[in-house]
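Trainee: Before I rely on words such as buried, stacked or core, I would like to see how each of them is earned. Could we go through them together?

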Amino acid sequence: MRNPGQADQAQGEGGGAEGGAGGSAESAGSGSTSGGGAQAPRTRSASVMTWNLETFPLTDAAFERTVAIVEAERPDVLAIQEIADVGAFYALVDALPDYKGVINDDSGAYQRLAILYRHERVRLDAVETLFVDDWYAFPRPPLKAHVAIEDIDFTVVVVHLKAQIDQESQERRKAGCEALEEWARKQLSTGGDPDIVLLGDFNDEITDPA
């Protein structure tokens, strides 16, 4: 995956639909096809985007603005944080005919995580909610899915770590990061998908110490 030119992560709950979309990344490669003795380049790409919608739908305008931005950006995979109204999320899916959606298994939660994906281009399977019993490290359980786009495939894990800057909140974020690292290393050591993309709202600054 090629890193985005700029990634925005904030100590607060996120920019939301009123503030614009979050960071994105694109993976590209090249191959060749033969015909008549000539070599023609072939480009492979997959676009991944993450967006904290801020207690969606926060305002009356948030729904239509979100639809407009997704249609304009057209990511293959869009990781979403802060779904406050599950019905509004499924209405969002219905308003985007090129997309389907899945949401994490966290019934009754104030904020949920979700994935939108372009169903004609993307195959999504192995959907799972991780760390459902670890409320301390993950007040919003991560959502995992396997993504296949043509001959590109990878595992996506959508996260939304603990907010706020008090000491306990910082310790809970650290616990979440350590648990995610341990999970990823276990996947790699036991023959799992070697390509794992962690994305979402980490409620931290890139410039903060490890």
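Mentor: Let us begin with the term that most of the others need: a residue is buried under 20% relative accessible area, exposed over 50%, and partly exposed in between. Keep in mind that this is a predicted model. In the chain of 210 residues, the buried ones make up 41%, and the elements comprise four helices and nine strands.

Trainee: What makes Phe131 partly exposed?

Mentor: Its relative accessible area is 23%, and because that value lies between the cut-offs of 20% and 50%, Phe131 is called partly exposed. Phe138, by contrast, has 1% relative accessibility, which is under 20%, so Phe138 counts as buried.

Trainee: Why are Phe131 and Phe138 called a stacked aromatic pair?

Mentor: In general, a pair of aromatic rings is described by the distance of the centres and the angle of the planes. The centres of Phe131 and Phe138 are 4.4 Å apart, within the limit of 6.5 Å, and their planes differ by 20 degrees, under the limit of 30 degrees, so the pair counts as stacked.

Trainee: How do you know that Phe56 and Phe63 are stacked as well?

Mentor: Here the centre-to-centre distance is 6.3 Å, still within 6.5 Å, and the angle of 25 degrees is still under 30 degrees, so the same conclusion follows. Phe56, at 0% relative accessibility, is buried, whereas Phe63, at 24%, is partly exposed. The count of aromatic pairs by this rule comes to three.

Trainee: How do you know that the length of H2 agrees with that of a helix?

Mentor: Helix H2 holds 12 residues, from 62 to 73, and at 1.5 Å a residue it should span 16 Å; because its end C-alpha atoms are 16 Å apart, the two values agree. Beyond the helix comes Arg74, with a positive phi near 50 degrees.

Trainee: Why are the buried residues of H2 said to lie on the same side?

Mentor: The residues concerned are Ala62, Thr66, Val67 and Val70, and they cover an arc of only 130 degrees around the axis, which puts them on the same side of H2. As a general point, an α-helix has 3.6 residues a turn, so residues three or four places apart point the same way. The face turned away from the buried side carries Glu64 and Ala72, both exposed.

Trainee: What makes the contact of Ser169 with Lys162 a polar one?

Mentor: Their side chains are joined at 3.1 Å, and because that is within the 3.5 Å limit for N or O atoms, the pair qualifies as a polar contact. Ser169 belongs to helix H4, residues 167–189, and its relative accessible area of 2% is under 20%, so Ser169 is buried. Leaving aside neighbours within four places in sequence, Ser169 is in contact with Lys162, Ala163 and Gln164.

Trainee: Which residues touch the most other members of the largest nonpolar core?

Mentor: That core has 20 residues, of which Ile115, Val147, Phe154, Val156 and Val158 touch the most other members. Among the elements giving two or more residues to this core are strands S2, S5, S7 and S8. Apart from it lies another core of 18 residues, including Trp51, Leu53, Tyr99 and Ala114. Not counting residues up to four places away in sequence, Ile115 touches residues including Val77, Leu78, Phe89, Val156 and Val158.

How values were computed. Residues are numbered from 1 along each chain as its sequence is written. This is a predicted model: local features need pLDDT of at least 70, side-chain atom pairs count only at pLDDT 80 or more; totals for chains, interfaces and linings use all residues. Side-chain values use heavy atoms; hydrogens and water are left out. A nonpolar core is a set of buried Ala, Val, Leu, Ile, Met, Phe, Trp, Tyr and Cys residues joined through side-chain atoms within 4.5 Å. Buried means under 20% relative accessible area, exposed over 50%, partly exposed in between (1.4 Å probe, protein chains only). Contact means heavy atoms within 4.5 Å. A polar contact is a pair of N or O atoms within 3.5 Å; within protein, one must be able to donate a hydrogen and the other to accept it, and residues adjacent in sequence count only if both atoms are side-chain atoms. The expected span of a helix is 1.5 Å times one less than its number of residues. The arc is that of the directions from the helix axis to the C-beta atoms. Rings of Phe, Tyr and Trp (its six-membered ring) pair if their centres lie within 6.5 Å; planes under 30 degrees apart count as stacked, over 60 as edge-to-face and the rest as tilted.
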